[in-house]
Amino acid sequence: MNLSNSSYRSSSNFSGVYRLTGRIVEFDQHGSPYIKLRLSNCDTDYIAGLGVDNETMPEAIGYLDQVTVSGVECGSNSLGLDVKLHDIRLASRDEVNMQPYLHSLPRVYCSAPETLDKLVTSVRSLKSVHLKNFIRRVIERRDRLEVFLNAPASRSHHHAYRGGLLEHSLEVARNVVAMIKLNEPNMPRALLELGFVAGLLHDIGKTFTYDSQGKPTNAWSLCEHDALTLEACAIALAYLDRHEPELAITLRHIWTCASPGARYGVRPATTLAKYVRDADGQSSFSNKQSKIFRNSKYGLNKKGAETFWLPSIRSSSQEITIEKTTK
């Protein structure tokens with residue numbers, strides 16, 4: 001395949017807004033150089049080719065920038081390209097804002113794509129546009145998204161693997177919603193969604209304490225991630241202050257109020273704060289327990305200062321039915 005001519009078969013036009021997740025200069029079978037690009041979003045990614053004689057590849061476009069592209073899809077070809085591009089440029093703010101929520105999270109760099117799918121579905125199901133925009137302003141940042149998708153939730157305690165932070169964050173958010181529905185079924189939808197957001201982003205400060213490969217940074221040793229959460233959400237909180245100020249101050253309260261053993265913080269003044277705390281603890285403990293009993297079915301195990309107990313339960317094929325009796 002020679003990228004500079006049109007001898008390849010094309011099936012349809014191609015266009016859209018994507019993250020630029022890779023760029024390298026390569027040569028086609030005739031020795032002509034071309035730019036090989038990777039374009040990604042939360043659903044998929046494409047390998048695209050752009051001729052070096054094309055003057056539409058501004059040097060200002062960098063890694064993880066959002067770009068607007070157009071071209072044609074390629075059929076089978078020797079270069080392994082999905083797309084031949086005719087045009088590429090930085091996406092405008094309006095073009096970015098028109099994309100579905102979390103559209104720009106690059107699936108190709110996510111260690112847990114199934115969890116990413118659940119995250120995207122959950123966020124898009126929220127009714128509050130302001131809370132969805134809040135999440136977008138926190139997660140869809142070029143300097144944060146790759147860490148959020150790949151960092152562990154801890155180094156050794158719980159969810160201590162690549163993608164653990166994403167998995168733990170979504171577990172906490174969903175568990176908060178489940179506890180609200182069980183204990184306060186009449187809670188207004190806006191507050192239920194606020195609980196989801198508070199749970200989802202309660203550990204977002206950890207994106208300062210790990211790099212994009214999930215390795216600890218200097219901040220891991222020098223800073224408390226709880227304090228960094230407000231910093232990570234600063235721009236989004238300023239947005240929410242303008243539109244839903246009471247939701248903004250509630251999030252600040254939830255993330256900074258005292259929990260058992262905390263060195264600082266005011267006492268919780270809303271059940272949302274306790275739901276987030278309890279959901280966080282349950283997600284952490286259940287993950288540690290599953291790790292402890294990975295190689296043993298039941299029994300008593302100790303890990304550091306913690307004790308884990310899993311009773312032996314005899315399985316039975318007999319179904320138990322509860323019949324409704326009437327007088």
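Student: In this predicted model, how many of the 11 residues of helix H3 are buried?
Tutor: The buried residues of H3 include Leu 131, Asn 133 and Ile 135. Charged residues are on the list too, among them Lys 132 and Arg 136. H3 is largely enclosed by the rest of the structure, because the number of its 11 residues that are buried is 8.

Student: Which aromatic residue of H3 is buried?
Tutor: H3 runs over residues 129-139. Its buried residues include Val 138 and Ile 139 near the C-terminal end of that range. The aromatic one on the list is Phe 134.

Student: What does Phe 134 touch beyond four places in sequence?
Tutor: Phe 134 is one of the residues with the most contacts inside the largest nonpolar core. Leaving out residues up to four places away, its partners are Val 197, Leu 201, Cys 233, Ala 236, Leu 237, Tyr 239, Leu 240, Leu 251 and Trp 255.

Student: Which residue's ring lies under the charged end of Arg 137?
Tutor: Arg 137 falls within H3, residues 129-139. Its charged end is 4.0 Å from the ring centre. The ring belongs to Tyr 239.

Student: How many residues does the largest nonpolar core have?
Tutor: In general, nonpolar side chains tend to be buried together in soluble globular proteins. Here, Leu 119, Phe 134, Phe 196 and Leu 200 have the most contacts inside the largest core. The number of residues in that core is 55.

Student: Which helix supplies the largest share of this core?
Tutor: H2, H3, H4, H5, H6, H9, H10 and H11 each supply at least two residues. The largest share is 8 residues, and it comes from H5.

Student: What is the size of the second core?
Tutor: This core is separate from the largest one. Its members include Ala 48, Val 67, Val 83 and Ile 88. Its size is 14 residues.

Student: How far apart are the end C-alpha atoms of H5?
Tutor: H5 covers residues 164-183, which is 20 residues. At 1.5 Å a residue, the helix should span 28 Å. The model agrees, because the end C-alpha atoms are apart by 28 Å.

Student: Which helices are included in what covers the buried residues of H5?
Tutor: The buried residues of H5 include Leu 165, Leu 166, Val 172, Val 176 and Ile 180. His 168 and Ser 169 are also among them. The cover includes H2, H4, H6 and H11.

Student: How many aromatic pairs does the whole structure hold, and is the pair of Phe 14 and Tyr 18 stacked or edge-to-face?
Tutor: The search finds 4 aromatic pairs. In one, the ring centres of Phe 14 and Tyr 18 are 5.5 Å apart. Their planes meet at 15 degrees, and planes under 30 degrees apart count as stacked. So the pair is stacked.

Student: Is Tyr 18 buried or exposed?
Tutor: The cut-off for buried is under 20% relative accessible area. Tyr 18 has 8% relative accessibility, so it counts as buried.

Student: What is the arrangement of the rings of Tyr 18 and Tyr 46?
Tutor: The ring centres are 5.8 Å apart. The planes lie at 85 degrees, so the pair is edge-to-face.

Student: How many residues apart in sequence are the parts that this pair ties together?
Tutor: Tyr 18 lies in strand E1 and Tyr 46 in strand E3. Ring pairs also link Phe 14 with these two tyrosines in a cluster. The Tyr 18 and Tyr 46 pair therefore ties together parts whose separation in residues is 28.

Student: Which loop holds Leu 64?
Tutor: Leu 64 has a positive phi of about 70 degrees although it is not a glycine. At 2% relative accessibility, it counts as buried. Its loop is the one between E3 and E4.

Student: What is the relative accessibility of Leu 102?
Tutor: Leu 102 lies in the loop between H1 and H2. Its phi is positive, about 65 degrees, although it is not a glycine. Leu 102 counts as buried, because its relative accessibility is 0%.

Student: How far is Pro 33 from Val 52 in space, C-alpha to C-alpha?
Tutor: Pro 33 is found in strand E2. It touches Val 25, Glu 26, Phe 27 and Val 52, leaving out residues up to four places away. Pro 33 and Val 52 are 19 residues apart in sequence, but in space the distance is 6.5 Å.

Student: How many disulfides does the search find?
Tutor: Cys 74 is buried, at 13% relative accessible area. Cys 223 is partly exposed, at 37%. Across the whole structure, the number of disulfides is 0.

Terms used: Residues are numbered from 1 along each chain as its sequence is written. This is a predicted model: local features need pLDDT of at least 70, side-chain atom pairs count only at pLDDT 80 or more; totals for chains, interfaces and linings use all residues. Side-chain values use heavy atoms; hydrogens and water are left out. Helices (H or I, at least four residues) and strands (E, at least two) are DSSP runs, numbered from the N terminus. The expected span of a helix is 1.5 Å times one less than its number of residues. Buried means under 20% relative accessible area, exposed over 50%, partly exposed in between (1.4 Å probe, protein chains only). Contact means heavy atoms within 4.5 Å. A nonpolar core is a set of buried Ala, Val, Leu, Ile, Met, Phe, Trp, Tyr and Cys residues joined through side-chain atoms within 4.5 Å. Rings of Phe, Tyr and Trp (its six-membered ring) pair if their centres lie within 6.5 Å; planes under 30 degrees apart count as stacked, over 60 as edge-to-face and the rest as tilted. A charge sits over a ring if NZ of Lys or CZ of Arg is within 6 Å of the ring centre and within 35 degrees of the ring normal. A disulfide is a pair of cysteine sulfur atoms within 2.5 Å.
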